[in-house]
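User: I am new to this structure. Please explain how its labels were reached.

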Amino acid sequence: MSDTSPDSTPTSSGSTQTRHQAGWFDIRNVIGLLLLIYGVVLLVLGVFNASDDQLARADGVNANLWAGIGILAVGTFFVTWAKVRPIVVDDAQVERDKAAEENEPPAH
Amino acid sequence: MLTAADTSLRLDASAIDYLLVGLYFVFVLGIGLMARTQISSSLDFFLSGRSLPAWVTGLAFISANLGAVEIMGMSANGAEIGLPTMHYYWIGAIPAMLFLGIVMMPFYYGSKVRSVPEFMLRRFGPTAHLVNAISFAVAQVLIAGVNLYLLATIINSLLGWPIWVSTIVSAAVVLSYITLGGLSAAIYNEVLQFFIIVAALLPLTLLGLHKVGGWNGLTDKMKAAGTDGQLASWPGTDLTGFTSSFLSVVGIVLGLGFVLSFGYWTTNFVEVQRAMASKDMSSAQRAPIIGSFPKMFIPFIVIIPGMIAAVAVTELADYKKAGGKGGNIDYNDALLLLMRDLLPNGLLGVAIAGLLAAFMAGMAANISAFNTVFSYDIWQDYVRKDRPDEYYTRVGRIMTLVATVIAIGTAALASSYSNLMDYLQTLFGFFNAPLFATFILGMFWKRMTATAGWVGLVSGTAAAVTVAILSEDALGGASVGVLGLSGQGASFVAAGAAFVVDILVSVVVTGMTQPRPESELRGLVYALTPKSDFTEGESAAAHWWLSPTKLAGVSLVLVIALNFIFN
């Protein structure tokens with residue numbers, strides 16, 4: 001059970017066999033996705049569920065609407081960041097690093 | 001059984017709020033499953049394969065500390081004593097985090113040790129190592145239990161689940177994502193948690209400020225309540241319990257700012273482990289420094305809401321006026337009361353998710369640090385040497401389970417003896433102060449001997465415990481009150497005594513014992529470490545924000561400015 005790393009699929013750019021993007025393994029996409037979902041839910045609530053009772057709690061401010069917009073913006077930032085500067089995993093390099101780590105003399 | 005949790009805290013959560021909370025847990029467990037596919041060696045499991053970028057480890061660095069005790073405790077302090085609470089961040093965290101990044105990280109990361117106790121082993125040998133590893137492991141499991149108990153009481157008061165159900169459910173969630181994904185899962189969840197907690201607390205703070213009429217409204221209301229003295233962070237006599245302003249400032253700067261915080265932030269493996277998971281020296285150094293930026297602004301969304309709650313929530317304002325007595329609430333409920341009053345359904349769900357996330361992350365941080373120290377420092381070094389790597393990964397997974405079970409037991413204990421738990425935490429704090437003295441002396445003084453290492457540690461801790469016992473209330477009933485010290489002031493003096501005694505004893509013992517040969521100390525002592533280890537992070541820096549020292553300088557200037565603005 002030595003190797004459980006994801007399969008090395010060639011990217012669309014067609015570079016070497018062992019390089020691929022981290023995609024959903026990239027934490028920025030995970031953060032971005034959760035924030036986008038939260039943002040959309042709050043935005044919808046802010047638009048369609050802004051009853052007087054709900055608004056009164058925050059002294060008339062439509063808290064869901066504004067928070068929804070803010071959270072959507074941050075979520076979009078993360079997804080865009082991951083898109084523009086993707087992490088490229090080079091499996092061959094990872095294996096070499098790992099081998100180097102294991103061949104080092106024991107720590108003590 | 002349904003405990004008599006008072007229903008005034010019950011939040012008006014609706015289906016949509018539960019949906020948002022549920023979604024968060026789907027993500028948490030998803031991260032665990034995802035991280036599992038990337039684990040192929042014990043180094044992956046325990047140190048994330050040393051592969052994470054600096055912004056991830058930097059955020060995890062502060063999130064690991066942003067647990068139940070922190071959020072509830074600091075907003076409660078905000079409600080009770082106001083702005084002086086800021087010192088826990090600006091004086092009690094930032095300088096130490098910068099020091100860790102600039103001065104100590106080159107030793108930790110450069111020597112390739114896998115844990116803080118392992119550094120102890122290589123510098124001072126087995127006795128000091130065992131003292132450190134065992135006291136750390138015990139402290140972590142017990143603190144995980146305290147976090148778990150707090151988490152369960154919050155779920156109980158928010159959602160009405162019985163304490164034992166909430167304890168087991170939350171323990172099960174933490175257990176599953178750590179056993180699946182190891183440190184990577186813990187760190188990724190800490191980063192995710194950071195953004196959710198900000199998404200919850202920032203709107204809460206803004207809505208609260210809107211409610212009281214902005215900052216001016218808050219100061220006016222505090223003046224009306226006669227508590228406007230709490231709007232100045234210095235000299236903080238309410239915090240230290242000292243009557244003299246001068247001594248109070250000295251106590252905060254030396255006690256909190258130097259001994260206690262340096263002890264905590266630079267030697268506590270829960271924090272340092274996050275930075276050690278970085279991909280290179282520069283990232284490891286920058287992790288705590290990057291963390292210092294959000295850290296200096298977190299109090300604005302934790303302490304300020306507490307202060308707002310103390311004037312805007314009627315029950316809490318009455319409670320404070322009565323001098324912190326009466327009613328069926330206390331300062332710890334400040335944040336929850338404000339959420340109850342201000343947040344509409346939807347945002348309420350985000351806030352509940354954020355709080356639960358923070359509490360679980362706190363516990364997960366304790367457990368992931370525990371399983372590393374147990375597997376590497378106790379099991380591999382003293383019980384079963386030279387097994388294949390997979391063996392230790394398996395030990396780590398089993399110990400995660402064992403630690404969780406012990407934490408559930410501790411949580412049950414904490415529910416019957418809550419004061420005992422507070423005192424235990426104070427006591428663990430006393431292990432950190434001498435640890436810092438021993439580390440810093442050992443890193444810069446190559447003559448310091450192995451015997452001096454452990455004797456200094458033990459006598460320093462003994463000095464702290466002695467001062468605490470002689471004080472009025474630092475250890476509750478066990479304190480005899482010979483010294484007129486109480487509250488935080490007593491802790492500051494105890495930690496200071498630990499530091500001084502540790503240094504003195506170490507120097508004396510070194511004079512009487514043989515130093516280790518220099519060849520064994522390479523990379524562990526400043527004079528015997530290649531200078532390139534210290535400049536590596538600098539030379540690779542193409543921009544100022546990639547250079548650890550320049551980034552730390554910016555952070556320092558900012559935090560000094562904050563002290564002047566909120567003086």
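The questions below go from single residues to a helix and a core.

User: What kind of model is this?

Analyst: This is a predicted model.

User: What is the secondary structure of chain B?

Analyst: Chain B has 23 helices and zero strands. Buried residues make up 60% of its 567 residues. Among contacts in chain B with a separation of 6 or more, 82% join residues 24 or more positions apart.

User: Why does B:Ala527 count as exposed?

Analyst: The cut-off for exposed is 12 or fewer C-beta neighbours within 10 Å. B:Ala527 has 10, so it counts as exposed. B:Ala527 sits in the loop between α21 (487–512) and α22 (532–539) of chain B. Its C-alpha atom is separated by 28 Å from that of B:Tyr376, 151 residues apart along the chain.

User: Why is B:Leu159 called partly exposed?

Analyst: Buried needs 20 or more neighbours, and exposed means 12 or fewer. B:Leu159 has 16 C-beta neighbours inside 10 Å, so it is partly exposed. B:Leu159 lies in helix α8 (residues 126–159) of chain B. The C-alpha atoms of B:Leu159 and B:Asp386 are separated by 49 Å, with their positions 227 residues apart along the chain.

User: How do you know that the length of helix α3 of chain A agrees with what it should span?

Analyst: Helix α3 of chain A has 22 residues, 63–84. The expected span takes 1.5 Å times one less than the number of residues. That comes to 32 Å, and the end C-alpha atoms are 31 Å apart, so the two agree.

User: Which residues of α3(A) are buried, and what puts them on the same side?

Analyst: The buried residues are A:Ala63, A:Asn64, A:Leu65, A:Ala67, A:Gly68, A:Ile71, A:Gly75, A:Phe78 and A:Ala82. They cover an arc of only 160° around the axis, so they lie on the same side of α3(A). An α-helix has 3.6 residues a turn, so residues three or four places apart point the same way.

User: What lies on each face of α3(A)?

Analyst: The face turned away from the buried side carries the exposed residues A:Ala73, A:Thr80 and A:Val84. The cover over the buried residues includes α1 (27–48) of chain A, plus α9 (163–212) and α17 (347–383) of chain B.

User: Which residues have the most contacts inside the largest nonpolar core?

Analyst: B:Ala309 and B:Ala464 do, in a core of 216 residues. The largest share of this core, 25 residues, comes from α9(B). Not counting residues up to four places away in sequence, B:Ala464 touches B:Phe430, B:Ala433, B:Ala494, B:Ala495, B:Ala497 and B:Ala498.

Conventions:
Residues are numbered from 1 along each chain as its sequence is written. Chains are lettered from A and ligands numbered from 1 in the order in which they are written. This is a predicted model: local features need pLDDT of at least 70, side-chain atom pairs count only at pLDDT 80 or more; totals for chains, interfaces and linings use all residues. Helices (H or I, at least four residues) and strands (E, at least two) are DSSP runs, numbered from the N terminus. Two residues are in contact if their C-beta atoms, placed from the backbone, lie within 7 Å. The arc is that of the directions from the helix axis to the C-beta atoms. A nonpolar core is a set of buried Ala, Val, Leu, Ile, Met, Phe, Trp, Tyr and Cys residues joined through C-beta atoms within 7 Å.
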